Amino acid sequence: MDALPLAAAKPAIPPAFFGERVTWVHHWTDKQFSFRCTRDPALRFVAGQFAMIGLMVDGKPLVRAYSMVSPPWDEELEFLSIKVQNGPLTSRLQHIKAGDTVLIGKKPTGTLLIENLLPGKTLWMVSTGTGLAPFMSLIREPEVYERYEHVVLMHGVREVKELAYHDYIGNDLPAHEFLGEMLQGKLLYYPTVTREAFPTQGRVTTLLESGKACADLGLPPLSPEHDRVMLCGSEAMNADVKALLEARGFTEGSNSEPGTYVVEKAFVTK
Ligand code: A2P
């Protein structure tokens, strides 16, 4: 009998993962890209969660934690990734194309959930770089707008071109047939750039500490009385914002006890 064709020798998908087909890839810059893939109807998740995502490499799964960019009601899944030239996963993942297979972990998890926060008036979502990902899902979750009067999305990057989803958030989302009306006047997008000229400049920490972000948005100073905060970004940013919040009396929430802020520690850096 002839040898099996090479395609039949593709490694089997391990039971902890769904093997999904890539449907779209978009490269924002030489350091960031997004992709979409099919979604198994059995995959359930809550806005703000992450799953283990990756590729089969040398017959084994090579995966990292990736927050879902897409909202739970989307038929497909979308992710935002950095590209690190010598990163074990992202050096490979950055080359995926439509039709390729990616691994999607069957058990999404995470702490950036609205149920981990006590009731409040304004929800602040504070991100840097690809830390924007879980907030892209949350800003398309209707329940967020039912719970809060205002939803602030802060996104800090070095250069203007790194403001992934900038046009989508500013133009497409307000015109969205179901969500547009719900988020009008409620969703306050606040992008900031540190190494180039831009209407808002400076680190998210500086803008929060100085009160400039609140003043620009017409909101009262940050207080655990009425504000709730979600953090997702580099370790240094998470630690700095955490210190700033705790100095003002905010307490960290978790899956076992809600608080006045939550932070996502799972973040892909390689
Ligand atoms: P900066 O340009 O001043 O370093 P990176 O690309 O390194 O992940 O950075 C993304 C954004 O996060 C940049 O605007 C960077 O500002 C900012 N940043 C880096 N460290 C911190 C920090 N500790 N707190 C707040 N923002 C930070």
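Helices and strands here are DSSP runs, counted from the N terminus, with at least four residues for a helix and at least two for a strand. The model in these close-ups is predicted.

**View 1. A stretch annotated in UniProt, residues 15-115.** An unreviewed UniProt entry labels this stretch "domain: FAD-binding FR-type", and such annotations may be inferred rather than shown by experiment. Strand makes up 44% of residues 15-115 and helix 4%. If you find the two end C-alpha atoms of the stretch, you will see that they sit 30 Å apart.

**View 2. The shell of residues around the ligand.** Start with the residues that surround the ligand: Thr 128, Gly 156, Val 157, Arg 158, Thr 194, Arg 195, Arg 203, Thr 205, Ala 236, Met 237 and Asp 240. By class, three of them are nonpolar, four are polar and four are charged. Which helix supplies the largest share of this shell? That is H8, with three residues. Strand E8 (150-157) and helix H8 (235-247) each give at least two residues to the shell.

**View 3. Polar contacts of the ligand with Val 157, Thr 205 and Met 237.** Here we look at single atoms. A polar backbone atom of Val 157 is 3.1 Å from an oxygen atom of the ligand. In Thr 205, an N or O atom of the side chain is 3.5 Å from a ligand nitrogen. Met 237 takes part through its backbone, with an N or O atom 3.5 Å from a nitrogen atom of the ligand. On its own the ligand would expose 560 Å², and the protein buries 78% of that area.

**View 4. Cysteines without a disulfide.** A disulfide is a covalent bond between the sulfur atoms of two cysteines. How many disulfides does a search of the whole structure find? It finds zero. Take Cys 37 as an example: the closest cysteine sulfur, in Cys 232, is 19 Å from its own sulfur, so the two are too far apart for a bond. Cys 37 is buried, because its relative accessibility is 0%. Cys 214 is buried as well, at 4% relative accessible area.

**View 5. Buried residues in a strand and in loops.** His 155 belongs to strand E8 and has a relative accessible area of 0%, so it counts as buried. Ser 70 sits in the loop between strand E4 (60-67) and strand E5 (77-82). Is Ser 70 buried or exposed? It is buried, at 1% relative accessibility. A polar atom of the Ser 70 side chain lies 2.9 Å from the backbone nitrogen of Glu 78. Another loop, between helix H7 (212-217) and strand E10 (227-232), holds Leu 222, which is buried at 8% relative accessibility.

**View 6. Positive phi angles at Asp 58 and Tyr 165.** Most residues other than glycine have a negative phi. Asp 58 is not a glycine, yet its phi is positive, at about 50 degrees. You can find Asp 58 in the loop between strand E3 (50-57) and E4. Tyr 165 also has a positive phi, near 65 degrees, and lies in the loop between E8 and helix H4 (166-172). Which of these residues is exposed, and which is buried? Asp 58 is exposed, because its relative accessibility is 72% and the cut-off for exposed is over 50%. Tyr 165 is buried, because its relative accessibility is 6% and buried means under 20%.

How values were computed
Residues numbered from 1 in each chain as written. Predicted model: local features only at pLDDT ≥ 70, side-chain atom pairs only at ≥ 80, totals over all residues. Heavy atoms only, no water. Near = heavy atom within 4 Å. Polar contact = N/O pair within 3.5 Å; in protein donor to acceptor, adjacent residues only side chain to side chain. Areas by Shrake-Rupley, 256 points an atom, 1.4 Å probe, with all protein chains shown as cover. Nonpolar A, V, L, I, M, F, W, Y, C, P; charged D, E, K, R; others polar. Disulfide = S-S within 2.5 Å. Buried < 20%, exposed > 50% of the residue type's maximum accessible area, 1.4 Å probe, protein only.
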